[in-house]
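These entries record what I looked up in one structure. I began with the ligand site and then turned to the nonpolar cores.

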Amino acid sequence: MRFGIKTLDEFELEGKTVLCRVDINQPVDKAMNTLKSINRIKGCVPTVREMADRGAKVVLMAHQGSDIEYKNFYTTQPHAKVLAELLGRPVRFIDDVCGPAAREAIRDLKAGEILLLDNVRFVAEEQTLFEMKLNLSHEEQAETLLVRKLAPLGDFYVCDAFAAAHRDQPSLCGFEQVMPSAMGRLFEKEYCAVSRVMESPERPCVFVLGGAKISDAFLMMETALSRGISDKILTGGLVANILLASAGKEIGKGSMDFIQKSNYGEWIDRAKTIYEKYQDKIALPCDLAYVEYKERKEADVGRIPSHATLVDIGQKTCEEYQKIILEAKTVCVNGPMGIFEEELTQYGTKTVWKALAKSEAYTLIGGGDSVTATEKYELMDQMSYICTAGGALIRFLSGEELPVVRALRHGAGI
Ligand code: 3PG
């Protein structure tokens, strides 16, 4: 047991059917029926391989895309192909979640075989909108269709989906009510990695917060500062723009319009309160970049043209941030410094990421965009830990007991 949760070491798997929830949610290219990244699939390989090697009949459950943003809502069929390639062994796929075809395929499994079910969110009770609307208890989740239909076919439930540990959905929290349950190897690894930052970070501990996921970034900032986890926060992206606007600085009409259009206007006042409280610990950019007539331009804060749209941090800020990163002993990163996808606007993210790679600190990278940037600059091997989680990581660092952690602790007693 670790953290009050069972691990795979505690189960005798030979010939047993394991229902295993993974998070292999990736951006998809629907036109090509392919995945744009396979990072999360790679992450679950050790757990799947170990279970199959130990003679389990492995049934994988996963979601693909969100019913809220809907863009990546898709079948898990391409994932089966990628997983098979990574494992070097067959992975069967069935285009059913818990209906008769899926149940028959599960019954047909032999020891060491692997089956991936279709997107669990094709079942209404698994959807995030459903979760938000109904707020089912874990006991109620055990009564949902998915759990009622699949639990009787399995001997054990294993959750390897740390990246979805903040979700309160039956495939994640319902099975633990009725089956002996454990966390998978990736879950265990991620839990240890984020606990290390949360509980005993080596100091100085620096957080790099950027990107456009404003509520997540400010939640993380407030928690890291109020709990004394972070000694310094380096800001970039929209997070920095909002803080600058809250301090009454000009950030340009384009940036201001974007903030209002995205309904982030209310964050300006909230950011002001946070900044006033923790001013000495929050680093704001001293210069910023914008694009004019297809050229990158930079200006110091206080001299930003009123028509500008900010797209990156500037060179002086990069120098200052580089220095702080190189002196740090722990760095936790969530969100890029600007629009790193484009050549003219990637300088800040690229420079900061190179400093992270060079630093001797323990570097923890989390969140989809941050991982994509790390992949883009081919720095994956040079960071201490790349976390598959975004939302779950933020909530974990906020000190919340995640629903899946609570459920797994319950399942440890079954
Ligand atoms: C994620 O991408 O953060 C996880 O896969 C959870 O996805 P969700 O936000 O759609 O629940």
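Entry 1, ligand contacts. I worked from a predicted model. I looked up arginine 121 and found a polar side-chain atom 2.7 Å from an oxygen atom of the ligand. For arginine 40, I noted that a polar side-chain atom lies 3.0 Å from a ligand oxygen atom. For arginine 167, the corresponding entry reads 2.5 Å, again from a polar side-chain atom to an oxygen atom of the ligand. I then looked up the cover: the ligand has 310 Å² of accessible area on its own, and the protein covers 82% of that area.

Entry 2, the shell. I listed the residues around the ligand as Asp23, Asn25, Arg40, His63, Ser66, Arg121, Ala163 and Arg167. I sorted the shell by class and obtained 4 charged, 3 polar and 1 nonpolar.

Entry 3, the largest nonpolar core. I recorded 115 residues in this core. The residues with the most contacts inside it are Leu150, Phe175, Phe187, Phe207, Phe218, Met221 and Leu364. Where does this core lie with respect to domain 1 and domain 2? Domain 1 (8-190 + 401-411) and domain 2 (203-360) both contribute residues to the core, so it lies between them.

Entry 4, leucine 150. I set aside its neighbours within four places in sequence and found leucine 150 in contact with Leu19, Met61, Val97, Cys98, Arg103, Ile106, Leu117 and Phe175.

Entry 5, the second core. I also noted a second, separate core of 31 residues. Its members include Leu35, Ala84, Phe156 and Val158.

Conventions:
Residues numbered from 1 in each chain as written. Predicted model: local features only at pLDDT ≥ 70, side-chain atom pairs only at ≥ 80, totals over all residues. Heavy atoms only, no water. Near = heavy atom within 4 Å. Polar contact = N/O pair within 3.5 Å; in protein donor to acceptor, adjacent residues only side chain to side chain. Areas by Shrake-Rupley, 256 points an atom, 1.4 Å probe, with all protein chains shown as cover. Nonpolar A, V, L, I, M, F, W, Y, C, P; charged D, E, K, R; others polar. Core = buried A, V, L, I, M, F, W, Y, C linked by side-chain atoms within 4.5 Å. Buried < 20%, exposed > 50% of the residue type's maximum accessible area, 1.4 Å probe, protein only. Domains from an automatic or database assignment. Contact = heavy atoms within 4.5 Å.
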